Amino acid sequence: MRNWLLPLLLAAGQGVLLWPGVSPDGTPGPFASAAVLCALAVETAALGRRRTAPVRSLAGTLAAGILAGLAWPDGYLGLGSLISLYSVAVRCPAPVTVRAVAAVVGAEWAGAAVAEGLRAPLVPTMAISLGGSVLCAGLGETRRQWLAGRLTAARRLAGAEQARRLAGDQERRRLARELHDVSAHHLTSVVVTADAALRLRDRRPDLTAEALAFAERTGAETLTALQRLVGLLRDTGRPDHRPMSGRIEELVAGFGRLGRPVTAHLPDDLAGPAAEAVHGIVREALTNALRYAPGAAARVLVRRVDGLLELTVENAPPRLAPQAAGGLGAGRGVAGMRERAVSVGGELTAGPTPEGGWRVRATLPDGAAARRAEETGWRRDVLREQRFADPALVLAAMLLPVACVLAATEEWPGAARRAALPALLLVCGLLVLRALPLLWRRRAPWAVFATVLTSAWAGPVAVVAAPLPPQVAQFLVAGVFVETLAVYAVAAYGAGPGHTWPAPFVAALGAAGALTAVACADGVVAGEPAGPADAVLLSSLLSVLLAPVSAAVWGAGVLVRRRRVRALAYDDFAFASSMWQADRAAEAERQRLAATLREAVFAHTRALVGAARRGDLAGVADTARAALAAMREMLHGLADGGDGGPGGPLAPSPSAADLDALCRALRSVGREVRLRGLPEATRGLPPSTQVSVYRIVEAALGAGDPGPARVTLRRRRGTLRITVTGVRLAVAGPVAERLRVQVAAGEGRIVCEPAGTLRVSLPAGAPGAPVQEVSPSPYA
């Protein structure tokens with residue numbers, strides 16, 4: 001009904017004019033009336049689709065306007081094309097709006113030329129048509145900018161809500177990565193060093209003292225790192241923009257001190273999340289090489305290529321038997337490195353080399369290049385969005401007063417018009433220059449307001465200096481339209497009603513004074529001599545007449561500003577609330593996991609330090625292995641969502657079977673969501689794919705779209721296809737980027753259609769096939 005109310009009201013108003021005796025231009029004949037009614041039906045049907053198909057709606061209203069204009073040129077209003085043009089400007093990009101304005105103006109000019117012929121009085125009609133069309137397009141473009149800002153805010157809020165929902169899981173995974181990377185690296189080094197010293201005790205007795213000193217020092221470092229994870233991890237989730245090249249070089253040098261030749265080549269200005277990922281991947285890859293290829297040479301290479309960081313960590317075949325380090329890994333090495341790469345929008349592969357070694361390759365987005373591209377793109381989008389709205393409104397403010405002047409001189413005799421032509425051109429030039437400052441109405445409203453009021457006094461100066469005849473000088477009153485726009489700009493873009501309330505009264509007084517000066521410049525008003533008292537009386541009368549108009553325009557601007565400020569304040573509050581809740585959830589997860597960490601690893605690590613101080617090398621090896629085993633058990637518990645310690649069990653990850661409950665929850669709050677293909681399409685899927693399906697659908701439906709949506713699941717030839725429609729906010733922005741990362745992690749494909757449709761393909765295996773556990777690589 002919302003789409004049809006305005007078209008029906010317009011049709012009813014135009015139909016009333018067809019009633020005999022209502023229209024001052026007379027009633028058309030039977031055939032003309034039939035043509036007008038047919039045009040009204042077409043226009044009403046077209047306007048009903050102005051929100052869903054604005055370009056087609058504009059074409060329909062133009063066709064209806066041409067038909068009705070030819071049948072009844074004097075009585076047909078023809079407002080449908082302007083309404084459709086506004087809808088085009090609201091819902092289509094600026095180039096489409098420009099072409100739409102050209103189409104509307106061209107159609108109206110052609111119709112006027114056919115009806116009236118090509119003659120001079122046609123110029124005012126053409127100017128009014130151009131000014132009205134540009135004004136509607138400018139208002140629509142302004143509305144589109146506002147809606148685009150609201151869409152951006154909705155996406156931002158949707159991202160914050162998603163972060164709030166996943167804060168606990170992300171914090172648990174982050175802690176698991178830190179435990180695996182830091183503790184495993186330290187403890188593995190102790191085990192490898194202690195075992196080597198025990199094997200070579202008879203031939204190299206000096207290694208025992210070195211191994212004990214290394215174990216004591218490394219154990220103390222492990223305790224410090226674990227304590228930092230427990231008590232000092234407050235800001236590690238935020239990107240660190242400090243250069244990390246030095247830290248990576250220190251890491252490589254530390255592995256070199258363990259007796260293996262390691263070379264590194266990397267840029268000296270690595271920073272940001274991608275550099276953090278490089279540090280974690282290098283640490284894990286070299287730790288795996290230490291475990292499974294003891295004594296082998298390793299190479300670390302980081303290169304910048306086309307805005308990407310290409311990381312390669314490669315080690316030669318092991319000199320010793322890989323079994324010597326068996327049982328030290330937690331089984332998450334390659335998976336953890338891949339998670340790090342995917343978390344920053346990259347990808348990672350790992351596998352054996354032809355020579356028998358192992359190679360890890362990662363491609364990550366370069367943070368510095370991405371930030372520069374994002375800043376450039378943002379500026380380009382802002383300039384693109386603002387290049388049409390303000391100039392269109394200013395052009396309309398120039399054309400409409402000039403069109404009024406030209407229309408008022410249509411009835412003048414030809415000789416009088418030719419004699420007054422220079423004065424008319426001067427008045428039109430003054431009106432155009434008076435509207436030009438409105439281009440800066442958003443950035444400097446008070447400066448524009450002052451400039452417009454000052455330029456109003458150019459009229460009295462021109463009346464005296466030119467001099468302008470009274471019948472031409474009267475047209476300067478059309479400049480009051482520009483002053484009302486300046487008052488609106490101050491109210492809408494100024495510092496608030498408490499600071500802008502004098503503007504309408506100042507504008508009324510200034511306009512009244514300027515108009516009075518124009519009227520009294522030659523000392524005659526309405527053919528009678530005018531003195532100072534007459535000027536004061538006229539100025540007061542004009543001030544009383546203009547003040548209510550200026551106040552009403554100022555009030556409209558204040559209401560618009562208040563609405564905008566209220567919306568922005570709500571967005572900021574909702575975003576801050578979501579982020580606060582996310583911080584609280586992450587903090588609760590840290591506290592809950594801290595107790596488990598202390599119980600699982602701290603005791604063994606302290607025992608390791610004690611054994612090293614007593615000189616018990618075998619005890620050092622045993623306690624280090626025990627600490628690794630305890631840490632591995634806790635890591636598996638974190639990965640499986642198991643017991644989280646004293647705070648109770650961690651919530652299990654949702655699966656595809658929970659999609660029905662998700663859709664029911666959305667329907668309970670008023671959103672129509674339909675689900676098809678469950679459970680047939682998801683039967684027998686691996687657990688990881690089940691979780692991915694739920695997360696993808698949850699993110700798409702949670703992007704913030706209020707309208708109906710549909711989720712369809714199909715499974716064919718080992719591929720699961722997910723189609724989600726009605727999710728316009730999920731096909732662009734941060735939600736789409738997060739979905740691409742999730743799909744890429746599952747080795748799938750994703751297509752985001754601008755109309756609001758999301759298509760995802762995931763590998764699923766044959767329908768009904770048993771789920772097989774894949775054994776991890778010995779390097780995992």
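Two strands count as paired if DSSP finds at least two bridges between them. Keep that in mind, and here's a concrete case to start with: Cys752 has Leu758, a residue of β12, as its bridge partner. β12 and its neighbour β11 run antiparallel to each other and pair over five bridges.

Before going further, a word on what you're looking at. This is a predicted model. The chain has 780 residues, and 45% of them are buried. Its secondary structure adds up to 24 helices and 12 strands. Take the contacts between residues at least 6 apart in sequence: 76% of those join residues at least 24 apart.

Now back to β11 and β12, and the sheet they belong to. It is an open sheet of five strands, and if you walk across it you meet β8, β9, β10, β12 and β11 in that order, with mixed pairing. At the two edges sit β8 (673–676) and β11 (749–753), each of which pairs on one side only. From one strand to the next, the twist averages 10°.

Helices pack on this sheet too. One of them is α22, which touches β8 and β9 and points at about 160° to the direction of β8. Another is α23, which touches β8, β9, β10 and β12, with its direction making about 170° with that of β12.

What fills the space between these pieces can be followed through the side chains. The largest nonpolar core of the model has 32 residues, and Leu701, Ile722 and Val724 have the most contacts inside it. At least two residues apiece come from α22 (659–668), α23 (687–701), β9 (709–716), β10 (719–725), α24 (734–745) and β12 (757–763). Which element gives the most to this core? That's α23, with seven residues.

Have a look at Ile722 itself. Setting aside residues up to four places away in sequence, Ile722 touches Val693, Val697, Thr712, Leu713, Leu758, Arg759, Val760 and Leu762. You've met Leu758 already, as the bridge partner of Cys752. There is also a second, separate core, this one of 31 residues, and Ile248, Val278, Leu290 and Ala298 are among them.

Two spots in the loops around the sheet deserve a pause for their backbone. Most residues other than glycine have a negative phi, and most peptide bonds are trans. Pro679, in the loop between β8 and α23, is joined to Leu678 by a cis peptide bond, with omega near 10°. Then there's Arg717, in the loop between β9 and β10. Its phi is near 50°, a positive value in a residue other than glycine. Is Arg717 buried or exposed? With a relative accessible area of 87%, Arg717 is exposed, because anything over 50% counts that way.

Let's move to other parts of the chain. In α14 (residues 445–455), Trp446 and Phe449 are three residues apart, so about one helical turn separates them. Their rings form an edge-to-face aromatic pair, 5.7 Å centre to centre with 90° between the planes. How exposed are the two partners? Trp446 is partly exposed, at 37% relative accessibility, whereas Phe449 is buried, at 5%.

Further along is Leu485, in helix α17 (residues 480–493). Leu485 has a relative accessibility of 30% and is therefore partly exposed, since that value falls between the 20% and 50% limits. Leaving out neighbours within four places in sequence, Leu485 is in contact with Ala397 and Leu438. Leu393 is 92 residues from Leu485 in sequence, yet the C-alpha atoms of the two are 9.6 Å apart in space.

Finally, head to helix α3 (residues 54–71), where you'll find Thr61. Thr61 is at 2% relative accessibility and so counts as buried, the limit being under 20%. What does Thr61 touch? Beyond residues up to four places away in sequence, the list is Glu43, Ala46, Leu47, Gly80, Ser81 and Ser84. With Ser84 there's something extra: the side chains of Thr61 and Ser84 make a polar contact at 3.4 Å.

Technical notes:
Residues are numbered from 1 along each chain as its sequence is written. This is a predicted model: local features need pLDDT of at least 70, side-chain atom pairs count only at pLDDT 80 or more; totals for chains, interfaces and linings use all residues. Side-chain values use heavy atoms; hydrogens and water are left out. A nonpolar core is a set of buried Ala, Val, Leu, Ile, Met, Phe, Trp, Tyr and Cys residues joined through side-chain atoms within 4.5 Å. Buried means under 20% relative accessible area, exposed over 50%, partly exposed in between (1.4 Å probe, protein chains only). Helices (H or I, at least four residues) and strands (E, at least two) are DSSP runs, numbered from the N terminus. Contact means heavy atoms within 4.5 Å. Axes are lines fitted to C-alpha atoms, for helices over the stretch in contact, and angles run from 0 to 180 degrees between N-to-C directions. Rings of Phe, Tyr and Trp (its six-membered ring) pair if their centres lie within 6.5 Å; planes under 30 degrees apart count as stacked, over 60 as edge-to-face and the rest as tilted. A polar contact is a pair of N or O atoms within 3.5 Å; within protein, one must be able to donate a hydrogen and the other to accept it, and residues adjacent in sequence count only if both atoms are side-chain atoms.
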